[in-house]
Amino acid sequence: MLRPFASALVALFIVVGATTVQAATKIVPVTSPGGIKAWLVEEHSIPMLALELNFRGGASLDPDGKEGLSNLLSGLLDEGAGPLDSEAFQQRLQDLAISINFSASRDSFSGSLRTLTINRDAAFDLLGLALTQPRFDAEPVARIRDQVLNGIRSRSEDPNTIVGNTFFRLAFPGHPYGRPTNGTMESVAAVTTDDLKRFIATRFGRDNLVIGVVGDVTPEELGKLLDRAFAKLPEKAQIAQVAEVVPQAAGRLELVRKDIPQSVVMWGLPGIKRDDPDYFAAVLMNFVLGGSTFNSRLYSEIREKRGLAYSVYSSVVPFERSSLLMGGVGTANERVKESLDLMRAEIRNIADKGITDEELALAKTYTIGAFALSLDSNARIAQTLLSLQIYNLGLDYLDKRAGIINAITKADVQRIAQKLLRADAMTVVVVGDPRDVVPAAGKPPG
Amino acid sequence: MMNFLLTTTRRLGLALAAMLVLTASPATAKIFDAKTYTLPNGLQVVLIEDHRAPVVTQMIWYKAGAADEKIGKGGIAHFLEHLMFKGTPTNPAGVFSQLVARSGGRENAFTAHDYTAYFQTVAADQLDNVLRLEADRMTNLSLTKEQVDSERQVILEERRQVVDNNPSSQFSEQVAAIQYLSYPYRLPVIGWEHEIRGLTRDDALEWVRTWYTPNNAVLVIAGDVTLDQLKPMVEKYYGPIPSRPLPERFRAEEPPQRAERRIEMEHPRVTQTTWSRSFLAPSYAWGEKQHAMPLSFLVEILGGSSTSRLYRALVVEQKIAVSAGAYYNPGGLGPNRFGVYAVPAQGKTPAEVEAAVRGVIENLMSTGVTAEEMTRARTGMLAEVVYARDSVQGAARIFGAALTTGRSIEDVETYAEQVNAVTADQVNAAGKAVFDVTKSVVSVLRPRPPQK
């Protein structure tokens, strides 16, 4: 449901006490003979490689009435391309133990490739076919569309799906971010083969593509492989820019009444974008509020002390054209009001009083160290290489990141807390059968 | 970590890799090259070295899970898993988690029918600290009544979130209860709600005292540490913990199953009918064990992908299902399930899907698996061997799960050879042994029609 880039954001330094240990990770920018660019980390200890790619422009660009086009297409690229029909393409992948996956988020379309070293030529050929010559034969289009529709139908009564879709609809009314990424039964049914072909002709270009590769390959070898997969992409993608938008935050509380024993709550406020100088101040603040699994205030107050919930969290969710600070909780119907009151109280508390020195110190060392620790597989490192490029962080970012975080002061966090943590303005959605909770229309916008 | 690959030239390395993947053989090619030893108190230590990054994972696995619980105390293994985060006299609640977080680490725990495990992934220079704290809580857990009461509420919320809010989870519990006539896999790991409500602090402490002892645990360390560095640290913290006599790990045995069972549930929040049939099946450790590895091939050939027999027949050719597949996991101490499932297409019934699945299985059994299918399945399984080495935590999990369910390090390290040894005849024989409807459950979950 939420696939923010933030989740892929990671670090190459470990700070323990006073010492900083750099991971043995060297990033090499590679440009292929044909001019395709990628960032590479060589890792020859396992005979495999992982590639991650990202095209700017995602489900938010799907035409009105055809929401879910990007998602449907992501399931069709490996269902027949070039000379290979669906079955032949799938058999080829299996015969060579290659895995190729695509997915669409609000802001981008991404893909990942995993192959053994011995099969990498074929793997890049297949990836190139999928991206540039998908066939969209009638049989796989009908079949995959049915699977997508089945998925939408199956999840239509799932409280987590309902709460997410409702929240985004209310936070972003009239904006593409407010639409369900996977579309609706009607909009997915409305997608035609022409829509799919137009997508291929317009949305994938060299200019909106970034690539990260980690594994058993040298820069020279990778250059040749990149041309096998990407040389046929058009120079430029034809993609529109979605409008900048501030999420609605006027104190609205929406109640979706469902006969389930546990209510699912989601709340949100305007957050902070990735390129904002205060981004890490907000990340540290959020760690203390509800970002840390076992050390946050929401965890302590709602789960640890009172046993009100199994799941309680908050997160900073930046988009390309907006941002959210959001959170949620799952709690028994009779305890929803108590949980909501406690969450609001803690949000107010941090807005008014800030966080302690100890909390700030833990948030910093965690945020610095977690980056390196999350680089625990080739694919994860490749995703990090993508983030660095998507956000234009630069090759020296890995050297600078810890310094940026360490420079943040309690006053910085307090300032950003006062700006973001407006407990009365939260947009809240509750799905369930809660006692003591009444819908609120909130203040009209403006 | 496959040192022979690192010490050879690149070209030779590739050739060896190709051999591992495509042909068979190397008796010398241990997948992870894990090292192991056992402390005098019985704690088995396993080290999987991986020096790609200065990161290390500690996992401690206890040979005790939900299938070891006393009747009426369902859920205590999982309840205790939560309570293990409540601290000790020397390291009160929060100390351990803060230490892990301080280096950017992550931690968690999980409970299954056969085992309970706790892990932390931290900066390599924090290994000493997490060893100390994990060893401390093995024997020194302290619990107040308030902590237990509060955590019971958390677990009831977990159950509401995972089971009660989700009709297909509710149904899965019902299906398991008739799949097994006697074996404790019939009970849910998290426990029934009424039994969770009755679990006490004494129950939790009794569980710890019974099962949490070094001679009932496997300590798996994976990452950037050598055996020479590891040994003194483990000796220092885990060495002094005395072993205790263990009770027999009693499991009620499954009697002969003689009747096909059918179960249906209608639910107003189910929006899509699903059909499934699950056969009681052997595992590496239970029943006709020789079938376990061939069944891993059979599940792939029958329903592991979009080129599998079930998917091709039901979804692509006959178009009577939106999706179809099969599942089987050879691990575990007890009887497993070999399942086939399908989601009927709009306008198609579970009965039509059931007949089509039967047709596919009968066809497979009458003609047998093809050489091409065997090769494709084998290729995928051998590639997974290479891919498995890319995840440090994943490797630790593979060893922990194996060593707590009756398998050895040798079994894990020689997996590729076992895969290479499987023949089509063995796969066909395994199918014949498992596809017996009198040992199966047919389950249908469907929407509740609107009230008239």
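**Helices, sheets and an interface in a two-chain model**

The axes of helix α11 (residues 292-303) and helix α18 (residues 424-434) of chain B approach within 8 Å and cross at roughly 90 degrees, and the two helices are therefore roughly perpendicular to each other. This arrangement belongs to a predicted model. On the α11(B) side the contact is made by P294(B), L295(B), F297(B) and L298(B), which meet Q426(B), V427(B), A430(B), G431(B) and V434(B) of α18(B). Sorted by class, this contact has 7 nonpolar and 2 polar residues, with no charged residues.

The surroundings of α11(B) include a sheet. Five strands of chain B form this open sheet, in the order β7-β11-β8-β10-β9 and with mixed pairing. Its edges are held by β7 (261-267) and β9 (321-327) of chain B, each of which has a single partner strand, so that one side of each is left without a neighbour in the sheet. Neighbouring strands are turned against each other by 15 degrees on average, direction ignored. Within the sheet, β8 (residues 274-281) and β11 (residues 440-447) of chain B pair in the antiparallel sense over 6 bridges, and T274(B) stands opposite L445(B) of β11(B). Helix α11(B) packs on this sheet, where it touches β8, β9 and β10 (336-344) of chain B, and its direction makes about 175 degrees with that of β9(B).

Chain B also contains an open sheet of 6 strands, in the order β1-β2-β6-β3-β5-β4, and here too the pairing is mixed. The edge strands are β1 (35-38) and β4 (106-111) of chain B, each pairing on one side only, and the twist from one strand to the next averages 15 degrees. At one edge, β1(B) pairs with β2 (residues 44-49) of chain B in the antiparallel sense over 4 bridges; the bridge partner of K35(B) in β2(B) is L47(B).

Several strands of this sheet also help to cover a helix, α15 (residues 392-403) of chain B. This helix has 12 residues and reaches 17 Å from its first C-alpha to its last, close to the 16 Å expected at 1.5 Å a residue. Because 10 of its 12 residues are buried, α15(B) is largely enclosed by the rest of the structure. The buried residues are V392(B), A395(B), A396(B), R397(B), I398(B), F399(B), G400(B), A401(B), A402(B) and L403(B). What covers them includes the strands β2, β3 (55-62), β5 (116-123) and β6 (217-223), as well as the helices α14 (371-388) and α16 (409-413), of chain B.

Between the chains, 57 residues of chain A are in contact with 57 residues of chain B. On the chain A side, at least two residues each are supplied by β1 (13-16), α2 (86-95), β7 (108-116), α4 (138-154), β11 (309-318), β12 (323-332) and α12 (357-373) of chain A, and the largest share, 9 residues, comes from α12(A). By class, this side has 25 nonpolar, 20 polar and 12 charged residues.

Chain A also offers two backbone details. Most residues other than glycine have a negative phi. N392(A), although not a glycine, has a positive phi of about 55 degrees; N392(A) lies in the loop between α13 (378-390) and α14 (397-406) of chain A and is exposed, with 9 other C-beta atoms within 10 Å. D436(A), likewise not a glycine, has a positive phi of about 65 degrees; D436(A) is found in the segment after β13 (427-432) of chain A and is exposed, with 12 other C-beta atoms within 10 Å.

Definitions and conventions:
Residues are numbered from 1 along each chain as its sequence is written. Chains are lettered from A and ligands numbered from 1 in the order in which they are written. This is a predicted model: local features need pLDDT of at least 70, side-chain atom pairs count only at pLDDT 80 or more; totals for chains, interfaces and linings use all residues. Two strands pair if DSSP finds at least two bridges between them. Axes are lines fitted to C-alpha atoms, for helices over the stretch in contact, and angles run from 0 to 180 degrees between N-to-C directions. The expected span of a helix is 1.5 Å times one less than its number of residues. A residue is buried if 20 or more other C-beta atoms lie within 10 Å of its own, exposed if 12 or fewer, and partly exposed in between; C-beta atoms are placed from the backbone. Two residues are in contact if their C-beta atoms, placed from the backbone, lie within 7 Å. Ala, Val, Leu, Ile, Met, Phe, Trp, Tyr, Cys and Pro count as nonpolar, Asp, Glu, Lys and Arg as charged, and the others, Gly among them, as polar. Angles under 35 degrees count as roughly parallel, over 145 as roughly antiparallel, 65 to 115 as roughly perpendicular and the rest as oblique.
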